[in-house]
Structure formats: C-alpha cells, structure tokens
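Trainee: Could you go through this model with me? I'd like to know how each label gets earned.

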Amino acid sequence: KGGKWYNTLRTGVLQEVSINLPRIALSSKEDDEFFSSLDSALENARDACKAKRDVVDKRLHRDGTLPFLTQEFENEEYYSLDNAISIVSIVGLDNAVREYTGSDIARDLDSYRFAERALAYINTKIDSFNEADSINMGFGYLDAKNASKRFAAINEKKFEVKEVYPV
C-alpha cells in the first residue's frame, strides 16, 4: 500500500541516545571490561528508548495530548508509532580505539579489528533488542559535534586526559 516509502512518511526518529565510547575505553583495561561496559551502556540506551516510546504512546493513546497525530488519515492514525525508529548513536569510535589500543584504526590492523568487533557487538545487541522488544532500533555514527565536545570535556576532567579529540 502506497509503495516503498509509504510507512516512512508519517513517522520518524523517536529518540536518539548517544554513547560515549572513549569513556568506556578509558575506564577499561581488558576486553571483557570494555564489552561489559559497552553492554551496560547499550542496555541503558535501550531503557531510554523504551521509556520515550511509552511516554509517546501514552500521549497519543491514553491522555490525548497529541490529537493532531492521532487523527485519521486513509483509515489509519496519521502518526505511525510502530514505524518510528530509535537511534543509538556511537560517539568517538576512533578516539575510543586509539585510547584502548594505543593505535589508530587506519594505521594498525589490530586496532581496526577491535573496532570491527565493537561494531559487530553493537549491531548484534541492537538486533536482539529489536527481537525481544518488538521495537525499531538502529545504530549509527551520526554527526554529533555537540555530544562529542561535551563527552570530550567530561572525559578530560574525569580521567585527567591530556589530549582530547573532539570530532
């Protein structure tokens, strides 16, 4: 019905949550610690996305505070919450790998492979959330200059990092 893009026209990004990867790297000494911290951050992101979805669902369907979005359009509600996506944005992958491995992704094969493992882990975890929760989540490496600068300042203060690399 309506072609390829039909279900994307009356929806959008419901939530974006940024994860501070350099902070995880700076606080981790071993791979198990890194991936455990990453797992915790992803679970927190999941909880935030589910909470936002619950609030929007309540506003749409229970307390009626978003009447424009619930009006009927072609025998359906105008806004399609089921098609909305929540994005987990990873901030500072290059910096995290540099801090954790001591080398750049582009110059060292082990660093590149570590980045690949981290991205595969994130992708697998997001897929498991989608299956378990029946929600649409994705991850991306979005342009997050404000978050990057804020995270860099926090990391510099917390870890007394001499060199900070905001994107």
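Trainee: Which residues of α2 meet which residues of α5?

Mentor: On the α2 side they are Asp31, Phe34, Phe35, Leu38, Asp39, Leu42, Glu43, Arg46 and Lys50. Facing them in α5 are Phe114, Arg117, Ala118, Tyr121, Ile122, Lys125, Ile126, Phe129, Ala132 and Asp133. Contact here means heavy atoms within 4.5 Å.

Trainee: And by class, how many residues of that contact are nonpolar, polar or charged?

Mentor: Eleven are nonpolar, none is polar and eight are charged. The sorting is by residue type: Ala, Val, Leu, Ile, Met, Phe, Trp, Tyr, Cys and Pro are nonpolar, Asp, Glu, Lys and Arg are charged, and the others, Gly among them, are polar.

Trainee: What should I keep in mind about where this comes from?

Mentor: It's a predicted model, where local features need pLDDT of at least 70 and side-chain atom pairs count only at pLDDT 80 or more, while totals for chains, interfaces and linings use all residues. Numbering starts from 1 along each chain as its sequence is written, and side-chain values use heavy atoms, with hydrogens and water left out.

Trainee: What makes a stretch a helix or a strand, and how many of each are there?

Mentor: Both are DSSP runs, numbered from the N terminus: H or I over at least four residues for a helix, E over at least two for a strand. The chain has six helices and five strands, in the order β-α-α-α-β-β-β-α-α-β-α.

Trainee: At what angle do α2 and α5 pack, and how far apart are their axes?

Mentor: Helix α2 (residues 31–61) and helix α5 (residues 109–133) pack at about 35°, with 11 Å between the axes. Those axes are lines fitted to C-alpha atoms over the stretch in contact, and the angle, on a scale from 0 to 180 degrees, is taken between N-to-C directions.

Trainee: Is the crossing left-handed or right-handed?

Mentor: Right-handed. That label goes to a near helix turned clockwise from the far one by less than a right angle, and anticlockwise would be left-handed.

Trainee: What makes Arg46 and Glu43 a salt bridge?

Mentor: The cut-off is a side-chain nitrogen of Lys or Arg within 4 Å of a carboxyl oxygen of Asp or Glu. The closest N and O atoms of Arg46 and Glu43 are 3.3 Å apart, so the pair qualifies. Both sit in α2, three residues apart, about one turn of the helix.

Trainee: Why is Arg46 called buried, and what is Glu43, buried or exposed or in between?

Mentor: Buried means under 20% relative accessible area, exposed means over 50%, and partly exposed lies in between (1.4 Å probe, protein chains only). Arg46 has 15%, so it is buried. Glu43 has 24%, so it falls in the partly exposed band.

Trainee: Which other salt bridges can you show me?

Mentor: There are eleven in the structure, including Arg62 with Asp57 at 3.3 Å and Arg98 with Asp104 at 2.8 Å. Salt bridges that share partners also join Asp39, Glu43, Arg46, Lys50, Lys125 and Asp133 into one network.

Trainee: What makes a set of residues a nonpolar core, and which members touch the most others in the largest one?

Mentor: It takes buried Ala, Val, Leu, Ile, Met, Phe, Trp, Tyr and Cys residues joined through side-chain atoms within 4.5 Å. The largest has 27 residues, and Ile19, Leu21, Phe34, Leu38 and Leu42 touch the most other members. Helix α2 gives the most, seven residues.

Trainee: What does Leu38 touch?

Mentor: Beyond neighbours within four places in sequence, Leu38 contacts Leu21, Ile24, Ala118, Tyr121 and Ile122.

Trainee: How do you know that Phe114 is buried?

Mentor: Its relative accessible area is 4%, so it passes the buried test. Phe114 lies in α5 and, leaving out residues up to four places away, touches Asp31, Phe34, Phe35, Val97, Tyr100 and Thr101.

Trainee: Where are Glu74 and Asn75, and what is notable about phi there?

Mentor: Both are in the loop between β2 and β3. Neither is a glycine, yet phi is positive: about 50° for Glu74 and about 65° for Asn75. Asn75 has 70% relative accessible area, so it is exposed, whereas Glu74 at 44% is partly exposed.
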